[in-house]
Number of protein chains: 2
Amino acid sequence: MSGFVAAATLDFSALLGHSPAWAVDDASRATKDFQMDREFDVLALGNAIVDVIARAEEDFLVAQGVAKGSMTLIDEAQAERLYAAMGPATIISGGSAANTVVGLASFGGAAAFIGRVKTDPVGDVFAHDIVASGVAFGTPAALDGPATARSFILVTPDGERTMNTYLGACQNLTEAEIDPATVAKAKVTYLEGYLWDPPHAKAAFRKAAKLAHASGREVALTLSDSFCVNRYRDEFIALMRGGEVDLVFANESELKALYETGDFGTALSALRNDVKRAAVTRSEQGAVIIEGNRTVTVPARPIEQLVDATGAGDAFAAGFLFGYTQGMGFEKAGQLGALAASHVIQKIGARPAEPLRGLAQQAGLLA
Amino acid sequence: MSGFVAAATLDFSALLGHSPAWAVDDASRATKDFQMDREFDVLALGNAIVDVIARAEEDFLVAQGVAKGSMTLIDEAQAERLYAAMGPATIISGGSAANTVVGLASFGGAAAFIGRVKTDPVGDVFAHDIVASGVAFGTPAALDGPATARSFILVTPDGERTMNTYLGACQNLTEAEIDPATVAKAKVTYLEGYLWDPPHAKAAFRKAAKLAHASGREVALTLSDSFCVNRYRDEFIALMRGGEVDLVFANESELKALYETGDFGTALSALRNDVKRAAVTRSEQGAVIIEGNRTVTVPARPIEQLVDATGAGDAFAAGFLFGYTQGMGFEKAGQLGALAASHVIQKIGARPAEPLRGLAQQAGLLA
């Protein structure tokens, strides 16, 4: 039996320092199967990453040779050096698409996640957190190979985040981890552009997209990061033009990078021609949602203090997808996205610190 | 060569999931020795713990059978069950006395810490964070035995924290880890009452206190927790009356527990007779500092929102000890303590999120 299992099946012994003798696909440990007869609003496919977050001054970024605001891939030796040099850290599960489905579940949506960790303490943390957040997660952890991924995130005093990611076990995500029955049961299959980085994940991405469309479901893509767009521009445009993707999430800099223009209007027009619908975030200028000739704009929500921008886009996608899969229309969906984004950037880490459904109710956006 | 080593000597490989082949007492890895010719304002001796913090409703505490507001010791099996049941967590280094010296260093003080982790990924996190915070830490990690300690902290919506602590490797702290030269160089040796829990740590505590006094230095004790006081009341009173301790930190409920009275004035009078000086915190009522017949009261600082009370007392002690060891007098020292406490309770986790020195300067308490 493969599939999605509940938190109780995760053996804590690995985190306690023992040899990790567990595997989440061990049927004897499964006490509850989320997969059976369950429909999902969103199934996300992404890199399974734990974030290691520290404050850093601008000088430190310069000394470490990392480009501010970017996501840079690093190897194990670079990870060791960076961790030794960086300040005291807060450790919180992350991963872009994983953050989005955790946010969706926090709004009350039905969410599932596919991504690869290893049977090691960090993998245990990732699995605990996503399942404890109410997201169905049952991708078998790799028993060997590289360690579970982590991203070393440096947050400068202006709240901007600079990510340095060791992909590790994410490199073991292949087509084999895509379960057709689960994809068929999700209204939207959500894919992160970062999946173009690990060697086999794009095949998994394509398989999931194909299965979703074969079941009459929708496929969404987030462009992830402007540096990622620069690495895979042609592939991303081909996915949109070929109809493999129905809904695109991007921020302004990613969109401009995609079409290699400094003009937002030009980029937005190009996007309109290439994909059915899209939601583009513009930081404090809010978001623009397009579908054919239709345009809906949503203002950003005011915040008191930008603490850590990590996960702003992931949270917007969570709120938007919750509204979208509940049939709420673009304006309401965009408002829920803006609400979620404003929450996560006022705290450390990309995941919500309190239930987003409650925050949306307080804000009068949900009953 | 024993002693204190810098962050660069900590091998990150354990966190990356390899067999932990490093030891912080391996002389070949030591690049910098904090111990040589360095005076410390405060040397703390305490349990070396990593906190695993999650939001929880009151109902969850009831279901788990834990007493709200307490620190309960749990074994490995209980830790596994609790972690499986609790929500998504934030992982931040903790440990009461460790938090205090991290806070002291954040004010700009010279701090050292003695405490025992194991050579495992969680121990690596603890060691990284305390050294990255500027605290000299060189206690050799245990190569075998129980895993590095962690405390599963449940934060209820009112901001109160309930701690469930697996002591693990802290049980390996013995007299052997107390380096006489380091104790002799610290103005104050700060000891946590929680050290009465692991079997050999009280001997280490007594050895450190004796060495400090033999060098004409001072010894401070925090009573830690009212439940801890109930376990070790007679020993704590004997330490004070026997002159093994010069300065006591307590909160109101610990003080009342110590003297088994519901009346604060009665307890404060008893304390005045038993110890040279003491700082007693009273949450939103501020703090009272006593020395002989002298009494100094310091108001609490207003806060916007109580997010997580974890570490409030530890932070107060950090600010107070910074002022005290700089010769600032009780009022200023108490104000620095109140400032530090107000900062840490408005965020998740017990350690400062930004430099306390800067916050104190903004508040006009330091130049």
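How many aromatic pairs does the structure hold over all chains? In this predicted model, the count over all chains comes to 28 aromatic pairs. One of them joins Phe113(A) to Phe137(A) in a tilted arrangement, with 5.8 Å from centre to centre and 40° between the planes. Because Phe113(A) belongs to strand 5 (residues 111-114) of chain A and Phe137(A) to strand 6 (residues 136-137) of chain A, this pair ties together parts that are 24 residues apart in sequence. Phe113(A) counts as buried, its relative accessibility being 0%, and Phe137(A), at 3%, counts as buried as well. A tilted pair is also formed in chain B by Tyr232(B) and Phe236(B), for which the centres are 6.2 Å apart and the planes make an angle of 55°. Both of these residues lie in helix 7 (residues 226-241) of chain B, where a spacing of 4 residues places them about one turn of the helix apart. Tyr232(B) is buried, with a relative accessible area of 12%, and Phe236(B) is buried at 0%.

Ring pairs further link Tyr190(A), Phe249(A), Phe316(A), Phe320(A), Tyr324(A) and Phe330(A) into a cluster. Aromatic rings also take part in arrangements with charged side chains. In chain A, the charged end of Arg282(A) sits over the ring of Phe264(A), at 3.6 Å from the ring centre, and in chain B, Arg282(B) lies over the face of Phe264(B), with 3.6 Å to the centre of that ring.

Chain A contains 12 helices and 14 strands, and of its 367 residues, 62% count as buried. Among the contacts in chain A with a separation of 6 or more, 74% are made by residues that stand 24 or more positions apart. The area exposed by chain A is about 12,800 Å², of which carbon and sulfur atoms supply 49%.

Strand 12 (residues 277-281) of chain A is largely enclosed by the rest of the structure, because 5 of its 5 residues are buried. Arg277(A), Ala279(A) and Thr281(A) point one way from this strand, whereas Ala278(A) and Val280(A) point the other way, and all are buried. Strand 11 (residues 247-251) of chain A runs parallel to strand 12 of chain A and is joined to it by 5 bridges; within this pairing, Phe249(A) has Ala279(A) as its bridge partner. Phe249(A) is also a member of the aromatic cluster described above. Strand 12 of chain A pairs in the antiparallel sense with strand 13 (residues 287-291) of chain A, again over 5 bridges, and here the bridge partner of Val280(A) is Val288(A). Strands 12 and 13 of chain A form a hairpin with 5 residues between them, and Ser283(A), in the turn, has a positive phi of about 50°.

In chain B, 9 strands form an open sheet of mixed pairing, in the order 6-5-1-9-10-11-12-13-14. Strand 6 (136-137) and strand 14 (294-298) of chain B stand at the edges with a single partner strand each, so one side of each is left without a neighbour in the sheet. Within the sheet, strand 11 (residues 247-251) and strand 12 (residues 277-281) of chain B run parallel and are joined by 5 bridges, with Thr281(B) as the bridge partner of Asn251(B). Helix 3 (residues 96-107) of chain B packs on the sheet, where it touches strand 1 (40-45), strand 5 (111-114) and strand 9 (186-192) of chain B, and its direction makes about 165° with that of strand 5 of chain B. Helix 9 (residues 264-274) of chain B likewise packs on the sheet, touching strand 11, strand 12, strand 13 (287-291) and strand 14 of chain B, with an angle of about 35° between its direction and that of strand 13 of chain B.

Met86(A) is placed in the loop between helix 2 (76-85) and strand 4 (90-93) of chain A. Because its relative accessibility is 2%, Met86(A) counts as buried. When neighbours within four places in sequence are left aside, Met86(A) is in contact with Val52(A), Ala54(A), Phe60(A), Phe152(A), Ile153(A) and Leu154(A), as well as with His128(B) and Ala132(B). The C-alpha atom of Met86(A) is separated by 25 Å from that of Gln171(A), a residue 85 positions away along the chain.

Key
Residues are numbered from 1 along each chain as its sequence is written. Chains are lettered from A and ligands numbered from 1 in the order in which they are written. This is a predicted model: local features need pLDDT of at least 70, side-chain atom pairs count only at pLDDT 80 or more; totals for chains, interfaces and linings use all residues. Side-chain values use heavy atoms; hydrogens and water are left out. Helices (H or I, at least four residues) and strands (E, at least two) are DSSP runs, numbered from the N terminus. Buried means under 20% relative accessible area, exposed over 50%, partly exposed in between (1.4 Å probe, protein chains only). Contact means heavy atoms within 4.5 Å. Two strands pair if DSSP finds at least two bridges between them. Rings of Phe, Tyr and Trp (its six-membered ring) pair if their centres lie within 6.5 Å; planes under 30 degrees apart count as stacked, over 60 as edge-to-face and the rest as tilted. A charge sits over a ring if NZ of Lys or CZ of Arg is within 6 Å of the ring centre and within 35 degrees of the ring normal. Axes are lines fitted to C-alpha atoms, for helices over the stretch in contact, and angles run from 0 to 180 degrees between N-to-C directions. Accessible areas come from the Shrake-Rupley method with a 1.4 Å probe; for residues, only the protein chains shown count as cover.
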